[in-house]
Amino acid sequence: MASQAGTSMPSLQKPPGYRDPTFSGQPPPPHRKPINLPPTFRPQKRRRRSCCCCCCVSLALLILLLAVVATSLYFWFQPRLPEIHLKSTDFKNFTVVFRSDGPEVNAESTIGIQINNPNQNFKVEFPKTRVSLDSLNGKVDLGEGSIPGFVQAAKNRTTLKLTVAVRNEIVDKKSAEELMNGIKKQSLHINAVVKTGVGFKWNKLATGIAPVTVSCRGITLAAAAGSPKCRIKILNWFFIN
């Protein structure tokens, strides 16, 4: 009994207000086990990026290959646009009649258009072609005519003729007087607009139809049989001459 009493240590009592310096005041966080996701749920970022890069590279190579092929075909065949000329404008009738409700214009003309296909390997396809005439800077309409679509052979020259007429076109008094003076002096200026399209054909291959507009201004009755100056506009915005 004496030995047990001698070896026991007395317990120390902490004074009031004592705080343990090692205690932070927050309870320790609970222990969490790591979550092991199945292989199917793990993100595949690197694989997706590599697939996207491969697609972009393949698309770029395909575009480059098509550009090389198109350039090679262009320099091999050397396609050229057809030449379109307004060769003649023959007015059979051009009168101004003064009536009670206003002056009226009656006009009839025959238009000659020459188309030359300079290509040796391509046929040229033309859709329906429309030709319209006007005078006095577009204030007086002199009629419109049309030609059905056709395919022109390679190295071919074609001359087309159509009739353009207008009946009982009412105009103002000032325009009627200008028309009468221009008819008497053979100095009346007339404008012609040819609206058509151009497409190329080679064997069973064919391109699309590109819209083409030929504008010829300053045609006079005295020199209607000549070749007036014309501008050719393709794709509705690009002038080639």
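Colleague: In which strand is Ala 206 found?
Modeller: This model is predicted. Look for Ala 206 in the run of residues 205-206. That run is strand S9.

Colleague: Which residues is Ala 206 in contact with, leaving aside neighbours within four places in sequence?
Modeller: Contact here means heavy atoms within 4.5 Å. Set aside the neighbours within four places in sequence. For Ala 206, that leaves Phe 200 and Lys 201.

Colleague: How many Å apart in space are Ala 206 and Val 124, C-alpha to C-alpha?
Modeller: In sequence, Ala 206 and Val 124 are 82 residues apart. In space, the C-alpha to C-alpha distance is 9.5 Å.

Colleague: Which residues have the most contacts inside the largest nonpolar core?
Modeller: The largest nonpolar core has 43 residues. Three of them have the most contacts inside it. They are Phe 94, Ile 113 and Ile 190.

Colleague: What does Ile 113 touch, not counting residues up to four places away in sequence?
Modeller: Ile 113 is one of the residues with the most contacts inside the largest nonpolar core. Its partners include Ile 84, His 85 and Leu 86. The rest of the list for Ile 113 is Val 131, Thr 158, Thr 159, Leu 160, Leu 162 and Val 194.

Colleague: Which two residues form a disulfide?
Modeller: The structure holds one disulfide. Its sulfur atoms are 1.9 Å apart, and the cut-off is 2.5 Å. The pair is Cys 216 and Cys 230.

Colleague: Which strands hold Cys 216 and Cys 230?
Modeller: The disulfide pair ties together parts that are 14 residues apart in sequence. Cys 216 falls within residues 210-220, and Cys 230 within residues 230-234. So the strands are S10 for Cys 216 and S11 for Cys 230.

Colleague: Is the disulfide of Cys 216 and Cys 230 right-handed or left-handed?
Modeller: Check the torsion about the S-S bond of Cys 216 and Cys 230. The torsion is about 105°, so the disulfide is right-handed.

Colleague: Is Leu 59 buried or exposed?
Modeller: Leu 59 sits in helix H2, residues 45-77. With Leu 62, Ile 63, Leu 65 and Leu 66, Leu 59 forms a nonpolar patch on the surface. Exposed means over 50% relative accessible area. Leu 59 has 51%, so Leu 59 is exposed.

Colleague: Where does Gln 186 lie?
Modeller: Gln 186 has a positive phi of about 55°, although Gln 186 is not a glycine. At 38% relative accessibility, Gln 186 counts as partly exposed. Its place is the loop between helix H3 (173-185) and strand S8 (189-202).

Terms used:
Residues are numbered from 1 along each chain as its sequence is written. This is a predicted model: local features need pLDDT of at least 70, side-chain atom pairs count only at pLDDT 80 or more; totals for chains, interfaces and linings use all residues. Side-chain values use heavy atoms; hydrogens and water are left out. A nonpolar core is a set of buried Ala, Val, Leu, Ile, Met, Phe, Trp, Tyr and Cys residues joined through side-chain atoms within 4.5 Å. Buried means under 20% relative accessible area, exposed over 50%, partly exposed in between (1.4 Å probe, protein chains only). Helices (H or I, at least four residues) and strands (E, at least two) are DSSP runs, numbered from the N terminus. Patches are made of residues with over 30% relative accessible area and no salt bridge: like charges are joined within 9 Å, nonpolar side chains (Val, Leu, Ile, Met, Phe, Trp, Tyr) within 5 Å. Accessible areas come from the Shrake-Rupley method with a 1.4 Å probe; for residues, only the protein chains shown count as cover. A salt bridge is a side-chain nitrogen of Lys or Arg within 4 Å of a carboxyl oxygen of Asp or Glu.
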